[in-house]
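Dear colleague,

Please find below the structure that I am handing over to you. My findings follow it, and I would be grateful if you would read them alongside the coordinates.

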Amino acid sequence: METLVTSTELTSANATSAFVPAPASPYQSDIARYWNQEARPVNLRLGDVDGLYHHHYGIGDVDHAALGDTEDSEYEKKLIAELHRLESAQAEVLLDHLGAITRDDTLVDAGCGRGGSSVMAHQRFGCKVEGVTLSSTQAEFGNRRAKELGIDDHVRAQVCNMLDTPFEKGSIAASWNNESSMYVDLDDLFAEHSRFLKVGGRYVTITGCWNPRYGQPSKWVSQINAHFECNIHSRREYLRAMADNRLVPQAVVDLTPATLPYWELRATSSLVTGIEEAFIESYKDGSFQYVLIAADRV
Ligand SMILES: C[S@@+](CC[C@H](N)C(=O)[O-])C[C@H]1O[C@@H](n2cnc3c(N)ncnc32)[C@H](O)[C@@H]1O
Ligand SMILES: CC(C)=CCC/C(C)=C/COP(=O)(O)OP(=O)(O)O
Ligand SMILES: [Mg+2]
């Protein structure tokens with residue numbers, strides 16, 4: 001078992017200076033600033049469990065046997081490990097949908113955060129993974145982590161707008177957005193994935209989207225948008241924008257029932273951020289859904 005440094009040590013380590021392009025819009029500057037400043041314990045303490053730092057939510061049943069008694073002095077530590085296990089399980093399901101990836105392939109993690117999913121993809125497939133994020137703090141964090149793991153020749157994060165990437169046309173075997181598509185126009189986003197993906201390549205997103213059957217975004221959806229400064233799209237918008245950009249859905253999976261146990265467990269923890277009620281209530285009233293869409297680039 002490798003020895004891990006804590007997130008605090010990672011954050012304070014020297015960063016190599018790199019060219020950082022200017023964000024394309026004032027909104028993107030706000031988002032870059034948001035993620036440069038983000039240091040919520042619910043993300044850092046979970047990442048410290050095994051060195052995979054995620055900015056997405058969890059899926060799957062809670063292992064109550066592993067959690068044990070709430071009175072146990074170790075309960076909070078076990079709770080954090082359990083929330084982290086569910087977040088990593090989410091990324092595993094995303095990777096399950098990427099199809100057959102070889103060591104020679106290059107993948108793109110669009111809106112890569114601190115790089116947890118990029119590391120997991122390399123560990124599973126042995127391939128190269130290129131992450132892009134608006135946040136220089138996140139890119140430095142991810143690159144430092146890749147270096148510590150000795151995989152910086154395969155896993156790299158760049159400060160880059162995912163709507164305008166340096167990847168060559170048709171050069172990428174598979175790409176994904178893990179909870180990062182609510183920050184961009186979907187037509188622009190899928191046009192860019194479609195450009196750099198090979199014909200026959202695979203695109204996967206896990207996202208929260210509002211449900212057209214509800215009518216319009218509910219008050220809970222508006223609350224989530226305000227909390228994260230994002231713009232949640234509807235399920236219909238995803239499917240329409242994919243169809244318009246040569247991305248043909250191969251699987252659409254409603255992960256809403258699978259993510260509720262994560263939220264209900266998180267709501268009982270000391271790491272709550274105040275957004276738990278909005279997710280739980282909107283998933284329950286049907287106005288909001290947690291979905292995976294896997295699409296073929298045709
Ligand atoms: C909620 S985090 C998700 C991080 C990561 N995908 C994960 O699962 O841990 C959203 C990410 O989207 C990125 N993002 C938002 N808009 C972007 C854009 N236009 N170009 C690149 N990254 C963007 C943010 O910088 C942040 O890293
Ligand atoms: C499903 C939706 C709508 C997601 C919005 C994007 C987002 C902020 C994801 C989680 O990030 P995080 O892990 O930094 O958030 P938190 O601090 O709440 O764990
Ligand atoms: Mg989180």
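How does the shell around ligand 2 divide by class into nonpolar, polar and charged residues? Seven of its residues are nonpolar, five are polar and two are charged. Please bear in mind throughout that this is a predicted model.

The shell around ligand 2 comprises 14 residues, and R40, H55, E179, G208 and F228 are the closest of them. Two helices, α3 (41–47) and α9 (219–228), each contribute at least two residues to this shell.

Ligand 1 is surrounded by 24 residues, of which G111, G113, N178, S180 and Y183 come nearest. Two or more residues of this shell are supplied by each of α2 (26–37), α6 (116–125) and β2 (128–133). The most come from α2, which gives three residues. By class, the shell around ligand 1 has 14 polar residues, nine nonpolar residues and one charged residue.

With regard to annotation, the unreviewed UniProt entry assigns "domain: Methyltransferase" to residues 108–201. Over that range the chain is 36% helix and 28% strand, and the C-alpha atoms at its two ends are 11 Å apart.

Helix α8 spans residues 186–196, and its buried residues are L186, L189, F190, E192, H193, S194 and F196. The elements that cover these buried residues include the strands β1 (106–110), β4 (172–178), β5 (197–210), β6 (247–254) and β7 (288–297). Helix α10 (235–243) is also among the elements covering them.

Is P257, which lies in helix α11 (residues 256–266), buried or exposed? P257 is exposed, because its C-beta atom has 10 others within 10 Å, and a residue counts as exposed at 12 or fewer. The C-alpha atom of P257 is separated by 35 Å from that of I151, and the two residues are 106 apart along the chain.

Finally, a word on confidence. The protein has an average pLDDT of 94, and 94% of the residues score at least 70. The model has an ipTM of 0.99 and a pTM of 0.94. Residues 1–17 stay under a pLDDT of 50, and the model gives this segment 13 contacts beyond four places in sequence. Where pLDDT is low, predicted coordinates should not be read in detail.

Yours sincerely

How values were computed
Residues numbered from 1 in each chain as written. Chains lettered and ligands numbered in written order. Predicted model: local features only at pLDDT ≥ 70, side-chain atom pairs only at ≥ 80, totals over all residues. Near = placed C-beta within 6 Å. Helix = DSSP H or I, 4+ residues; strand = E, 2+ residues; numbered from the N terminus. Nonpolar A, V, L, I, M, F, W, Y, C, P; charged D, E, K, R; others polar. UniProt positions renumbered as here; feature names shortened; annotations may be inferred. pLDDT = per-residue confidence, 0-100. Contact = placed C-beta atoms within 7 Å. Buried ≥ 20, exposed ≤ 12 C-beta atoms within 10 Å, placed from the backbone.
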